[in-house]
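Got the viewer open? Let's take a short walk, from the whole chain down to a single side chain.

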Amino acid sequence: MADKTPKAYHDDNFMGSPNARSLRILAEYLEPESRFRRYKIDDTIVFFGSARINSRDEAEAALAEAESSGGDIEAAQKKVELSHYYESTRELARRFTEWSKSLDDVDKRFVVCTGGGPGIMEAANRGASEARGVNVGLNISLPFEQHENPYATRELIFEFHYFFMRKFWFTYLAKAMVVMPGGFGTLDELFETLTLIQTDKIRKKMPIVLFGKRYWENVINFQTLVDFGTISKEDLDLFLLTDSIDEAYDYVTGQLATHALDVRGPSL
């Protein structure tokens, strides 16, 4: 007897076709939503930053290897310098998770969330896991640099195809953001979020920390934007620029305690 014709939603050729694109997009909304509800994830603290920044141990080992084998010592030294941001991310994520758990809420509030990959993403998931807290990894399929790190909670690792759906879940659940040094992807997420806040598309009070003054002041001259009149002076109040773990922690938790404790759940 011939095989029965499959139902449309079991037909891989159809589901992977341009005609089914709207179904694939909808799936990347509905499946994460169902999982967040199942595991009672109310809202998140999102970490962005470079996938290329290593832990201090890894960076120091790479430097030792470069010195012994005649490799690129200068590049290895730069990795050691940048590893400071990995360790700062790890510590901040650990402290945020401990603070979140101290709220004694039946749901999961202010859960650490990352892009699920290596570098700064790994550091944040790692810090949260070291505080024995659940944490989220919104991974995406890319040709390089993106693979699941081992520290994100297994039940809360997602794999997206569409960047805009991944961005939606970053923003919709977020009640705070910490932005570490990073490249094009980090800059994209930062400026998109700032634009949405500036234009009132995001109306919730959402503290944003730019961590690493030397990096950010060299990469972006925000004051020049003010001087040329392309942003308002008040727009500089949309974020805190700091090198201090304590200042970042106090700022975010203070803002969340004031503006977000009674506003549970995702929102824009």
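How many helices and strands are there in the chain? Colour by secondary structure and you should find ten helices and seven strands, which are DSSP runs numbered from the N terminus (helices are H or I, at least four residues; strands are E, at least two). The radius of gyration, taken over C-alpha atoms, is 20 Å, close to the 18 Å from the globule rule (2.2 Å times the number of residues to the power 0.38), so the chain is as compact as a globular protein of 268 residues.

A quick word on what you're looking at: this is a predicted model, where local features need pLDDT of at least 70 and side-chain atom pairs count only at pLDDT 80 or more, while totals for chains, interfaces and linings use all residues. Residues are numbered from 1 along each chain as its sequence is written, and side-chain values use heavy atoms, with hydrogens and water left out.

Show the C-alpha trace next: along its principal axes it spans about 70 × 55 × 45 Å. Now colour by burial: 46% of the 268 residues are buried (under 20% relative accessible area, 1.4 Å probe, protein chains only).

Now select Arg126, in helix α5 (residues 120-130). Is Arg126 buried or exposed? Its relative accessibility is 17%, so Arg126 counts as buried. Leaving out residues up to four places away in sequence, Arg126 touches Ser55, Tyr86, Arg90 and Tyr151, a contact being heavy atoms within 4.5 Å. Stay on Tyr86: its side chain makes a polar contact with the side chain of Arg126 at 3.0 Å (a pair of N or O atoms within 3.5 Å, one able to donate a hydrogen and the other to accept it; residues adjacent in sequence count only if both atoms are side-chain atoms).

Notes. Buried < 20%, exposed > 50% of the residue type's maximum accessible area, 1.4 Å probe, protein only.
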